[in-house]
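Thanks for coming. I have one structure to show today, and I will go through it from the whole chain down to single residues. Here it is.

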Amino acid sequence: MALSALVGLGFFSASASAEVILHAFNWKYSDVAARAQEIANLGYKKVLVSPAYKSSGGEWWSRYQPQDYRVIDNPLGDTQAFKAMVNALSAKGVAVYADIIFNHMANETWKREDLNYPGTEVLNSYAANSSYYNSQILYGDLEDNFFGANDFHPEGCISNYNDPGNVQYWRLCGGEDDRGLPDLDPNNWVVAQQKAYLNALKSLGVKGFRIDAAKHMTNYHLNAVFTPEIKSGMHVFGEIITTGGAGNGDYDNFLGPYLYDTDHAAYDFPLFATLRGALNFGGSMSALVDPGAYGQALDGGRAITFAITHDIPLNEGFRYQLMDGTNEHLAHAFVLGRDGGTPLIYSDNNESGDNRWVNFYKRGDIQGMLRFHNGVQGTGMQILSHNECHILFSRGSKGVVGINKCSGGQDAWADAGSAGLWWNTNYRDTLDGSSVERISSNWHKFYLPPRSARMWLRD
């Protein structure tokens, strides 16, 4: 459909399943369990936790370097703590999503030359503490290595990030002398081990899988592991970082083929790029009217939407994508106010040093956005007004969202009758509670203060 027709209708397709995910980044499993009631009370329906398997080292990135799938044992907790967390959240109606790393294993070239996983040091620790480790097993046994040299691609670092073959068959490397993360070959044995691990997590009650570094895995590998049986009843989504949507090299080489060859969801980096551009100086909020029409946002049913992910503040190469605090606030209002996509809220322990996302999951404005999001679930979205500075849209008759990025206030006139908004009823801003709109005529003026968002929910 042409853009003019979309703007004239002002509608987006409805997506009633967009329940919010809390990314409890690098939280101990026991801490997540202890906050189960609070998380549920805030309105989260899902919690994504950090990778659960055998890994060592205190740095956050050590969690993304697996040593063994067969047992959960890392500084965030063990198998028993993970089970307790799943049970605690499930009792409150909240599902657990697991972060999955299947592209590579831990880089241990600094202490050994072989590619046996787990290494001799880990196997010796299993043997020395056999009673404990046997009580933590997810599947299999811990007497032998489960991967060897034949389970990996040849050693060599990625040199061309525009070449899918180079990106998907070679190693992710750090500094100049880093030999990189051993890159797994999706042979029958590797695929069988990875499927066994996923089935073990499912048996514990996990309801979703986030595929880390999906950009670095072939679609053959993804489809071999994430079979229809494993995906049954599960929400599966991949992390494929791009700097834009259709027409962008990252999108065309990686995200586009992934969406075509699998039925998984994905992080909506195209929408994120559109949001950043619209909110930045020189951008226009009109770009947010229907970015999907131009391939600049994913289909709502397959999109994980966000204003910040852990990679952006924690990796120097992505920090340029950080928004200032106000723009990030406005972006969260759009993500949690719109129809389409499953929003993800990131909350860490200050791993970045910015101190911006500690307890972010329960910050006052985020609580208000969650309240609005959950209050309008299942309703469609209609654009009411937009220009370079602002966008105003309704969510059925239940709510109205207004976002003004500019330094001056904006009057946004809306055809309340066409939008189906109720007359002589209070619409109250969930972000501060003090702004109330009461519609008494067909055309209604919504005032949007400078650099602010309003999320009016019908009383």
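Of the 459 residues of the protein, 57% count as buried, where buried means under 20% relative accessible area, exposed means over 50%, and partly exposed is in between, with a 1.4 Å probe and protein chains only. Before going on: this is a predicted model, in which local features need pLDDT of at least 70 and side-chain atom pairs count only at pLDDT 80 or more, while totals for chains, interfaces and linings use all residues. Residues are numbered from 1 along each chain as its sequence is written, and side-chain values use heavy atoms, with hydrogens and water left out.

Staying with the whole chain, the accessible surface comes to about 17,500 Å², and 48% of that belongs to carbon and sulfur atoms. Those areas come from the Shrake-Rupley method with a 1.4 Å probe; for residues, only the protein chains shown count as cover. The C-alpha atoms fill a box of roughly 75 × 45 × 40 Å along the principal axes.

The secondary structure comes to 16 helices and 19 strands. These are DSSP runs numbered from the N terminus, helices being H or I of at least four residues and strands being E of at least two. The radius of gyration is 23 Å, close to the 23 Å from the globule rule for 459 residues, so the protein is as compact as a globular protein of that length. That radius is taken over C-alpha atoms, and the rule is 2.2 Å times the number of residues to the power 0.38.

Among contacts between residues at least 6 apart in sequence, 72% join residues at least 24 apart. Contact means heavy atoms within 4.5 Å.

Now the annotation. The unreviewed UniProt entry places "domain: Glycosyl hydrolase family 13 catalytic" at residues 19-367. UniProt positions are in the numbering used here, feature names are shortened, and annotations may be inferred rather than shown by experiment. Over residues 19-367 the chain is 34% helix and 11% strand, with the end C-alpha atoms 14 Å apart.

Next, the barrel. In what order do the eight strands close? The order is β2-β3-β6-β7-β8-β9-β10-β11, and the pairing is parallel. The twist averages 30 degrees from one strand to the next. Two strands pair if DSSP finds at least two bridges between them. Strand β8, residues 235-238, and strand β9, residues 265-267, run parallel and are joined by two bridges. In that pair, Gly238 stands opposite Ala266 in β9. Helix α8, residues 188-204, packs on the sheet and touches β6 (95-100) and β7 (208-211); the direction of α8 makes about 160 degrees with that of β6. Axes are lines fitted to C-alpha atoms, for helices over the stretch in contact, and angles run from 0 to 180 degrees between N-to-C directions.

Ala266 turns up again with Leu298, which sits in the loop between α12 (269-279) and β10 (303-305). Not counting residues up to four places away in sequence, Leu298 touches residues including Ala266, Tyr251 and Pro270. Leu298 counts as buried, at 10% relative accessibility.

Asp348 lies in the loop between β11 (342-347) and α15 (364-375). Is Asp348 buried or exposed? Asp348 counts as buried, at 2% relative accessibility. Leaving aside neighbours within four places in sequence, Asp348 is in contact with Phe25, Trp27, Trp357, Val358 and Asn359.

Asn350 is also in the loop between β11 and α15. Asn350 counts as partly exposed, at 27% relative accessibility, and has a positive phi near 70 degrees. Asn26, in the loop between β2 (21-24) and α2 (29-34), has a positive phi too, of about 60 degrees. Asn26 counts as buried at 13%. Most residues other than glycine have a negative phi, and most peptide bonds are trans. On the peptide side, a cis bond joins Tyr117 and Pro118, with omega about -5 degrees. Pro118 is in the loop between β6 and α5 (120-128).

Last, strand β15, residues 410-415. Gln410, Ala412 and Ala414 point to one face and are buried, whereas Asp411, Trp413 and Asp415 point to the other and are not. In a regular strand the side chains alternate between the two faces of the sheet. β15 pairs with β18, residues 443-448, in the antiparallel sense over six bridges. The bridge partner of Ala412 in β18 is Phe446.
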